[in-house]
Amino acid sequence: MSTSKLDISLTQELEALAREGRAKSPERIIEHYIPPKGELGPRYKLVGNDTEFIRLNSNSYLSLSNHGELTAAADKATRNFGVGPGAVRFIDGTFIHHVLLEKRVAKFVAKPAAKIFNSAYTSNCGLALSISNKKTHWIGDQLNHNSIIRAMRISNIPSANKGIFKHNDMADLKRRLDEVSPDMERVVVIFDGIFSMRGDCAPINEIKTICKAYDSKFKDGVITVVDDSHGIGAYGDTGRGTSDFCHAAPDIIIGTFGKAFGVNGGFIAASKTIIESVRQKADTYIYTNPLSVADCAAAVKAIDICDSAEGLELLKNLKQRTAQFRQGLERLGKESIPGPHPVVPLMVRDTQKTHQLVKYLFDHGVLVVGLTFPVVPKGDETIRFQINACHTSADIDYVIELLNNFQ
Ligand SMILES: Cc1ncc(COP(=O)(O)O)c(C=O)c1O
């Protein structure tokens with residue numbers, strides 16, 4: 001037996017992906033991290049390239065990944081408990097670090113309880129497996145992240161029990177709620193907090209008000225869920241995310257430790273009963289090893305920092321650098337999507353020009369991601385810049401100057 005026949009078929013499928021423009025380009029490999037020095041923020045070196053790159057495509061908004069207290073906490077946990085848990089949570093794979101992180105993140109987002117997962121991706125899937133039944137109707141924003149779309153698929157919801165509303169369109173959300181069959185007992189309205197390709201946010205207060213008006217129509221009510229992976233730690237007055245920004249919290253909050261907190265892993269925060277249902281029913285929690293103790297210890301430290309004067313200072317710097325970059329684009333007359341989030345899209349609106357600009361920035365030591373069809377609709381071709389707290393004023397000026405010189 002060999003896989004040669006399968007290999008031939010897969011090659012044809014991969015060629016088709018490339019022809020449709022949907023194939024991912026080869027992965028660049030980072031081999032050196034160069035700490036900030038003087039006026040310059042951190043730099044990265046790639047295998048086979050001597051350039052010292054600025055990363056403007058990292059989700060590590062608060063730049064905590066290399067923070068000494070996080071690496072020390074991870075080191076200490078590893079030395080004391082080892083590198084891996086040795087089992088899933090319910091077969092004695094639960095260490096004190098897992099429980100402490102669950103308590104810490106629940107407190108941070110002001111919910112009674114939380115469960116941690118290996119990622120926000122598996123958190124979304126876990127939630128769908130836990131709270132969905134045959135009489136559940138799901139409604140989501142049209143631009144929701146792939147993990148939410150996948151979550152709705154794996155929970156085997158019939159297509160009649162699903163509705164999609166136009167991006168951030170509250171009149172359309174109402175229409176989708178009006179369409180829900182009276183036989184349904186439970187409605188889940190789920191949306192990204194920050195839309196990762198655009199940097200705009202869900203109007204949580206408006207969504208909650210609308211959902212409240214429909215709540216009494218259904219036996220278990222209308223439940224609001226935000227996946228605030230790009231908001232938690234990086235948005236709002238105190239970095240508590242989109243709920244902080246909108247002054248309104250959904251019933252269930254999903255997030256990641258892998259972006260602003262600079263570590264890895266995801267979480268669901270909600271009532272104690274919902275969290276116990278997750279523990280009992282979420283396959284992506286039950287049948288897989290948990291995060292390492294190192295990840296958990298580092299994530300607790302990240303939340304502690306985020307909650308401290310140092311965290312507020314990092315957030316302030318993030319906001320200042322973001323504003324500096326946005327103002328720079330405005331000065332150059334470049335089109336973006338307004339808002340204070342550190343995801344700053346530059347609307348290029350042309351595939352070839354997007355590729356050229358990404359290459360030009362790369363050739364001048366700047367890593368960014370270009371989004372072209374079919375990832376975004378034709379005409380919406382974009383370069384996504386992501387500002388991090390570690391970027392200096394000189395770094396931002398350098399990139400704006402590069403954009404100014406691009407022909
Ligand atoms: C809204 C949203 N959810 C989930 C994820 C995935 O997060 P994680 O890497 O923790 O799975 C992302 C990021 O890519 C995201 O933007």
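Here is a short conversation about the cores and pockets of this predicted model.

Local features here need pLDDT of at least 70 and side-chain atom pairs pLDDT 80 or more, while totals for chains, interfaces and linings use all residues. Residues are numbered from 1 along each chain as its sequence is written, and side-chain values use heavy atoms, leaving out hydrogens and water.

Reader: Which helix gives the largest share of the largest nonpolar core?

Author: Happy to help! A nonpolar core is a set of buried Ala, Val, Leu, Ile, Met, Phe, Trp, Tyr and Cys residues joined through side-chain atoms within 4.5 Å, where buried means under 20% relative accessible area (1.4 Å probe, protein chains only). This core has 79 residues, and Val189, Phe257, Phe325 and Phe385 touch the most other members. Helices are DSSP runs of H or I, at least four residues, numbered from the N terminus; the largest share, nine residues, comes from helix 11.

Reader: And how many residues are in the other core?

Author: That core lies apart from the largest one. Among its members are Ile131, Ile223, Ile252 and Ile286, and its size is 24 residues.

Reader: Which residues does Phe325 touch?

Author: Contact means heavy atoms within 4.5 Å. Leaving out residues up to four places away in sequence, Phe325 touches Val344, Phe385, Ile387, Ile396, Val399, Ile400 and Leu403.

Reader: How many charged residues line the largest pocket?

Author: Good one! Asp, Glu, Lys and Arg count as charged, Ala, Val, Leu, Ile, Met, Phe, Trp, Tyr, Cys and Pro as nonpolar, and the others, Gly among them, as polar. By class, the lining has 15 nonpolar residues, nine polar and, for charged, six.

Terms used:
Buried means under 20% relative accessible area, exposed over 50%, partly exposed in between (1.4 Å probe, protein chains only). Helices (H or I, at least four residues) and strands (E, at least two) are DSSP runs, numbered from the N terminus.
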